[in-house]
Protein chains: 2
Amino acid sequence: MATNEKTLNDLFHDALKDIYYAEKQILKALPKMAKAAQAPELTAAFQKHLTETEGQIERLEKVFELIGKRPQGKPCEAILGILDEGKEIMEEFKGAVALDAGLVAGAQAVEHYEMARYGTLKTWATTLGLPEAAKLLDQTLQEETRTDQLLTQLGDRGLNKKAA
Amino acid sequence: MATNEKTLNDLFHDALKDIYYAEKQILKALPKMAKAAQAPELTAAFQKHLTETEGQIERLEKVFELIGKRPQGKPCEAILGILDEGKEIMEEFKGAVALDAGLVAGAQAVEHYEMARYGTLKTWATTLGLPEAAKLLDQTLQEETRTDQLLTQLGDRGLNKKAA
């Protein structure tokens, strides 16, 4: 007999709190990354993603509402570790030609964390019969995927070559 | 005048040490995840990925050799945070029907971290004129992408429904 009654509803709620906390941390990190970037197109990409992140937080708040819970974050060690590595790059490569390539790499690690979490949340929302939540989560997943692609293009288009 | 002389070579070497450390942590975590999984197909997926991870570590050692450095890890806070979240799920959902869905989510966060890092390393290797290294890194990137897809299928195919 299973004595642990936790179900996918609990996992979904936990993961929602995790990514809500993560998005708020990302919101704090992005202005620093935009300021640190040397190439104007990279600063612009970070600023654009800052605006998107605000919208993604609002979507998460709607999803909390859809499951009848109040929006609440839960410390997420993963995003803290990923952002710490980004901070380390900003310090170690300050003033170096390779700084922007390092910033792109750090931002892509953030995007991939988000893509993993939103992909999971979207799938779980569908299984749980929450199509409206699934739609909101998918909108964010598509935005994160596009941001990751834009960063790849910026790297390919010159930031990496400048750094070499 | 830039006083920081660090270039893409330094970033590449740093990122190589980061993922080398991460792979070794993943190698330690996978047997625990395989043992915790309830569905035999999920245990099998983790065991298969354990064998792949051993091969990925060997590839990284070849890349170190190609740039004339000895294989060396560097503590990676990101993977430690991601694996800690997975451990937490294993504890909180022990004996619960939702455990496997949680394990899949944790493993997909690991895969996405690796996909981000190998994507970056492969691109940098190409920019640095290291085609052989780029090929090795791309082989691992393809493996990680396939593992992520397999995990998505396992979730869709029943683990999530069982958990709901």
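Contact here means heavy atoms within 4.5 Å. The exercises below concern a predicted model.

**Exercise 1. Determine what covers the buried residues of α3(A).**

Solution.
Step 1. Establish the helix geometry. α3(A) has 16 residues, and the distance from its first C-alpha to its last is 22 Å, close to the 22 Å expected at 1.5 Å a residue.
Step 2. List the buried positions, taking buried as under 20% relative accessible area. In α3(A) these are A78(A), I79(A), G81(A), I82(A), L83(A), E85(A), G86(A), I89(A) and M90(A).
Step 3. Look for what lies over them. The cover includes α1 and α4 of chain A, and from chain B it includes α1 (8-36), α3 (77-92) and α4 (99-127).
Result: elements of chain A and of chain B both take part in covering the buried residues of α3(A).

**Exercise 2. Describe the fold of chain A by its helices, strands and extent.**

Solution.
Step 1. Count the elements. Chain A holds 5 helices and 0 strands, and their order along the sequence is α-α-α-α-α.
Step 2. Take the extent. The C-alpha trace of chain A spans about 60 × 30 × 25 Å along its principal axes.
Step 3. Take the burial. Chain A has 164 residues, of which 56% count as buried.
Step 4. Check the sequence range of the contacts. Among contacts in chain A with a separation of 6 or more, 82% come from residues 24 or more positions apart.

**Exercise 3. Characterise the interface of chain A and chain B.**

Solution.
Step 1. Count the residues in contact: 46 residues come from chain A and 46 residues from chain B.
Step 2. Take the area. The two chains bury about 3,500 Å² between them, with 60% of it on carbon and sulfur atoms.
Step 3. Count the polar terms. There are 6 salt bridges across the interface, and 13 residue pairs are in polar contact, both residues at pLDDT 80 or more.
Step 4. Assign the chain A side to elements. Those giving two or more residues to the side that touches chain B are α1 (8-36), α3 (77-92), α4 (99-127) and α5 (131-163) of chain A. The most comes from α4(A), with 15 residues.
Step 5. Sort that side by residue class. It divides into 21 nonpolar, 12 polar and 13 charged residues.
Step 6. Inspect one pair. K74(A) and E88(B) form a salt bridge through their side chains, at 3.6 Å from N to O.

**Exercise 4. Decide whether L137(B) and E143(B) are buried or exposed, and find what each contacts.**

Solution.
Step 1. Place the residues. L137(B) belongs to helix α5 of chain B, and E143(B) is found in helix α5 (residues 131-163) of chain B.
Step 2. Apply the cut-off. L137(B) counts as buried because its relative accessibility is 1%. E143(B) has 12% relative accessibility and therefore also counts as buried.
Step 3. Find the contacts of L137(B), not counting residues up to four places away in sequence. They are F12(B), L60(B), V63(B), Y118(B), L121(B), K122(B) and A125(B). One of these, V63(B), is 74 residues from L137(B) in sequence, with 8.2 Å between the C-alpha atoms.
Step 4. Find the contacts of E143(B), leaving aside neighbours within four places in sequence. They are E52(B), Q56(B) and R59(B).
Step 5. Add a C-alpha distance. E143(B) and E111(B), 32 residues apart along the chain, have their C-alpha atoms separated by 9.7 Å.

Key
Residues are numbered from 1 along each chain as its sequence is written. Chains are lettered from A and ligands numbered from 1 in the order in which they are written. This is a predicted model: local features need pLDDT of at least 70, side-chain atom pairs count only at pLDDT 80 or more; totals for chains, interfaces and linings use all residues. Side-chain values use heavy atoms; hydrogens and water are left out. Buried area is the accessible area (1.4 Å probe) that two parts lose on being put together, summed over both. A salt bridge is a side-chain nitrogen of Lys or Arg within 4 Å of a carboxyl oxygen of Asp or Glu. A polar contact is a pair of N or O atoms within 3.5 Å; within protein, one must be able to donate a hydrogen and the other to accept it, and residues adjacent in sequence count only if both atoms are side-chain atoms. Helices (H or I, at least four residues) and strands (E, at least two) are DSSP runs, numbered from the N terminus. Ala, Val, Leu, Ile, Met, Phe, Trp, Tyr, Cys and Pro count as nonpolar, Asp, Glu, Lys and Arg as charged, and the others, Gly among them, as polar. The expected span of a helix is 1.5 Å times one less than its number of residues. Buried means under 20% relative accessible area, exposed over 50%, partly exposed in between (1.4 Å probe, protein chains only).
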